[in-house]
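Here is a quick tour of a protein model, from its sheets to a few backbone oddities and an enclosed space. Keep the viewer open and follow along.

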Amino acid sequence: MSSSSSSKLRDRLHEDGFVVIRQILSADELRTLRAAAARATELARTGQWPHIRTVGKQFPPWPSTPGPEGIWGVQGLLNPDLAGSEIFAQSYFGDAVLGVAKELMDDCGDDDLVMELFNMLVRPERDFALRWHRDDVPATATADEEMARLREPEWHTQWNLALYDDDSLVAVPGSHARARTDAERAADPFAADMPGQAIVHLDAGDVVFYNNNILHRGVYDSTKERMSLHGSVGHAGGSQLRARNVLQHGVGKWVDRCDFSSLGEKERARAEGMRARLVKLGTESGDVGYSHQD
């Protein structure tokens, strides 16, 4: 990726709050990831994998069993206890994703990357929608509180990598850089027609990178297959600013047991460095609590 194209990508991310990159997976990579994702989803749906997102609950912590309404996400794709974690690690630590992530974060090289989260968003058993939110700014925040948080540097990037066609993400372009309008504050939190909203359309193999504090929601169609790899990576300069958003998902309980031996030499060295920076973040942060309650 040339410096001019990477600058254009950053400009688009800073202006809109998200940027879509088409077809970053080869046909073989897509088939391999789909197979691993199907196995992980089946384990989660049948109660054999306890790290899940349950329908009816938007934010962590989630129950460890699916319950009568099923699941909308699978957590901990890099957890070594999950069958196929080595396949997900190849995606997370590979150049296709992290090459773009480094371009989107200013002055970021391999030695700055921090391992964060890698989860999966899946088709629920019934139609389900998330309310409008920012990932790390509570809905109760005042305009001044919102802007204090939104002015902080973007020490991370987050992505959805679609393994099947996906139009679940709905966002308000530009809202990552401003406080909510009066109309947005007064709107139904499940409003289907928020002013200025955009539906992000992804074909299988496409990826959207986005600022997680853009005003957004997810709309889940129970009749349409969905398996989208949902990841984030941080910059070491972010330190405590990223701690709660990452550590509230419980990654610190198993990250030290990750086995990166299946990765190539370059990717393995990158992964070990990223893990070490996450462990350091966890050691320094202590109890971080949760960003939201529901």
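Start with G73, which sits opposite L121 of β4. Some ground rules before going further: this is a predicted model, where local features need pLDDT of at least 70, side-chain atom pairs count only at pLDDT 80 or more, and totals for chains, interfaces and linings use all residues. Residues are numbered from 1 along each chain as its sequence is written, and side-chain values use heavy atoms, with hydrogens and water left out.

**The seven-stranded sheet**

Helices (H or I, at least four residues) and strands (E, at least two) are DSSP runs numbered from the N terminus, and two strands pair if DSSP finds at least two bridges between them. As a reminder, strands of a sheet pair through backbone hydrogen bonds, either parallel or antiparallel.

The G73–L121 match belongs to the contact between β3 and β4, an antiparallel pairing with two bridges. Zoom out and you get an open sheet of seven strands, ordered β1-β9-β6-β11-β4-β3-β2, with antiparallel pairing. Its edges are β1 (18–21) and β2 (52–54); each has a single partner strand, so one side of each is left without a neighbour in the sheet. On average, neighbouring strands here are turned by 20° against each other, direction ignored (axes are lines fitted to C-alpha atoms, for helices over the stretch in contact, and angles run from 0 to 180 degrees between N-to-C directions).

How many bridges hold β4 (residues 113–122) and β11 (residues 227–235) together? Nine, again in the antiparallel sense. Within that pair, M120 has L229 of β11 as its bridge partner. Over at the β2 edge, β2 and β3 (residues 71–74) run antiparallel and share three bridges, and I52 is matched with V74 in β3.

**The four-stranded sheet**

There's also an open sheet of four strands, in the order β5-β10-β7-β8 and with antiparallel pairing. β5 (128–129) and β8 (198–199) are the edge strands, each pairing on one side only. Two bridges link β5 to the antiparallel β10 (residues 216–220), and A129 stands opposite V219 of β10.

**Loops and backbone oddities**

The loop between β2 and β3 is worth a click. P61 lies in it, and the peptide bond joining P60 and P61 is cis, with omega at about 5°. Q58 is found in that loop too. From Q58 to W72 you count 14 residues in sequence, while their C-alpha atoms are 9.4 Å apart in space.

Two residues that aren't glycine have positive phi. Q23 comes in near 50°, in the loop between β1 and α2 (27–45). D107, with phi of about 50°, sits in the loop between α4 (95–104) and β4.

How do these residues, and the cysteines, fare for accessibility? Buried means under 20% relative accessible area, exposed means over 50%, and partly exposed is in between (1.4 Å probe, protein chains only).

| Residue | Relative accessibility | Class |
|---|---|---|
| Q23 | 47% | partly exposed |
| Q58 | 7% | buried |
| D107 | 74% | exposed |
| C108 | 14% | buried |
| C258 | 7% | buried |

**Cysteines**

How many disulfides does the structure hold? Zero, taking a disulfide as a pair of cysteine sulfur atoms within 2.5 Å. C108 is in no disulfide, and the nearest cysteine sulfur, in C258, is 20 Å away. From the C258 side, the closest cysteine sulfur is that of C108 at 20 Å, which is too far for a bond.

**An enclosed space**

For the cavity search, a 1 Å grid is laid over the protein atoms alone; a cavity is a set of points where a 1.4 Å probe fits but cannot get out, and lining residues have an atom within 4 Å of a point. Grid points are joined across faces, edges and corners, and a volume is the space filled by probe spheres set on the points.

The count comes to three cavities of 30 Å³ or more. The second largest holds about 60 Å³ of space. What does its lining look like? It divides into three nonpolar, one polar and eight charged residues. Ala, Val, Leu, Ile, Met, Phe, Trp, Tyr, Cys and Pro count as nonpolar, Asp, Glu, Lys and Arg as charged, and the others, Gly among them, as polar. The lining includes R123, D165, D166, D167, K224, E225 and R226, along with V122, P124, S168 and Y220.

Notes: 1 Å grid on protein atoms, 1.4 Å probe; cavity = no way out; pocket = protein on both sides within 12 Å on 5 of 7 lines; lining within 4 Å.
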